Amino acid sequence: GFVLAQNFAPKTVVPSKLAKYDFGMTLDVFKEKNKNAVVNAYTQNDFRIEAKEIITGSDYTAVTYYFDNETNMPLYEMIIEFKSEKLMTDYCSSKLKAPNDGDKWKWTTKEGIVFKAWGFGKKLVFVLALPSTEWEENKN
């Protein structure tokens, strides 16, 4: 197998306008930094909290943010909707380079948490596989 890049910083592959939203940041901090995102209504029964932001004047038109609905409600997923599939694949080629995990990307942050990315259609998904989220990975 290949060696995953350690000490990977997610903000190096996220669009620069979104890099200020750190994966793992709390919902409260996110709401202070992002006044445009609309947080959907949620109850304690929901496993995640969803916020959506409409973006203008960019290669992408919307971003959906997922927060874990536990303890400090960390940001663990971003879904970026590009204007076209070509814009999405061009972005991946320039910022993420060649996929290193089949047709996906996978790295490990300095905290030892897996960070993944994959595209489908016009969308690009970034995930920090935090414990207690649906993406948590068992270390093996």
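This report walks through a few charged and aromatic residues and the contacts they make. The structure is a predicted model, so please read every distance below as a computed value.

## Trp135 and its partner Glu77

Let's start with Trp135, which sits in the segment after strand 7, a strand that covers 123-128. Is Trp135 buried, partly exposed or exposed? Its relative accessible area is 24%, so Trp135 is partly exposed. Setting aside residues up to four places away in sequence, Trp135 touches Tyr76, Glu77, Lys116, Trp118, Val127 and Ala129. With one of these, Glu77, there is a polar contact between side chains, at 2.8 Å. For a sense of scale, the C-alpha atoms of Trp135 and Thr56 are 30 Å apart in space, and the two residues are 79 residues apart in sequence.

Glu77 itself belongs to strand 4, residues 75-82. Beyond its neighbours within four places in sequence, Glu77 is in contact with Phe23, Thr64, Tyr65, Tyr66, Val125, Phe126, Val127, Glu134 and Trp135. Which side chain of opposite charge is nearest to Glu77, and how far away is it? That side chain is Arg48, 4.8 Å away; Glu77 is buried yet has no salt bridge. The cut-off for a salt bridge is 4 Å between a side-chain nitrogen of Lys or Arg and a carboxyl oxygen of Asp or Glu, so the 4.8 Å to Arg48 does not count as one. What Glu77 does have is the side-chain polar contact with Trp135 described above.

## Glu134, next along the chain

Glu134 also lies in the segment after strand 7. With 36% relative accessibility, Glu134 counts as partly exposed. Not counting residues up to four places away in sequence, Glu134 touches Phe47, Arg48, Tyr76 and Glu77. Two side-chain polar contacts can be named here: one with Arg48 at 3.1 Å, and another with Tyr76 at 2.8 Å. Ile79 is 55 residues from Glu134 along the chain, and their C-alpha atoms are separated by 15 Å.

The Arg48 contact deserves a second look, since the side chains of Glu134 and Arg48 also meet in a salt bridge, with 3.1 Å from N to O. This pair links distant parts of the chain: Glu134 is in the segment after strand 7, while Arg48 is in strand 2 (residues 48-54), 86 residues apart. Arg48 has a relative accessibility of 25%, so Arg48 counts as partly exposed.

## The salt bridges

How many salt bridges does the structure hold? There are 4, and the table lists some of them, including the pair just described.

| Salt bridge | N to O distance |
|---|---|
| Glu134 and Arg48 | 3.1 Å |
| Lys86 and Asp90 | 2.6 Å |
| Lys110 and Glu111 | 3.2 Å |

Where do Lys86 and Asp90 lie? Both are in helix 2 (residues 85-96), 4 residues apart, which is about one turn of the helix. Lys86 is at 56% relative accessibility and so counts as exposed. Asp90, at 35%, counts as partly exposed.

For the remaining pair in the table, Lys110 is exposed, and so is Glu111.

To bring the picture together, Trp135 shares a side-chain polar contact with buried Glu77, whereas Glu134 meets Arg48 in a salt bridge.

Technical notes. Residues are numbered from 1 along each chain as its sequence is written. This is a predicted model: local features need pLDDT of at least 70, side-chain atom pairs count only at pLDDT 80 or more; totals for chains, interfaces and linings use all residues. Side-chain values use heavy atoms; hydrogens and water are left out. Helices (H or I, at least four residues) and strands (E, at least two) are DSSP runs, numbered from the N terminus. Buried means under 20% relative accessible area, exposed over 50%, partly exposed in between (1.4 Å probe, protein chains only). Contact means heavy atoms within 4.5 Å. A polar contact is a pair of N or O atoms within 3.5 Å; within protein, one must be able to donate a hydrogen and the other to accept it, and residues adjacent in sequence count only if both atoms are side-chain atoms. Lys and Arg count as positive and Asp and Glu as negative; His and the chain ends are not counted.
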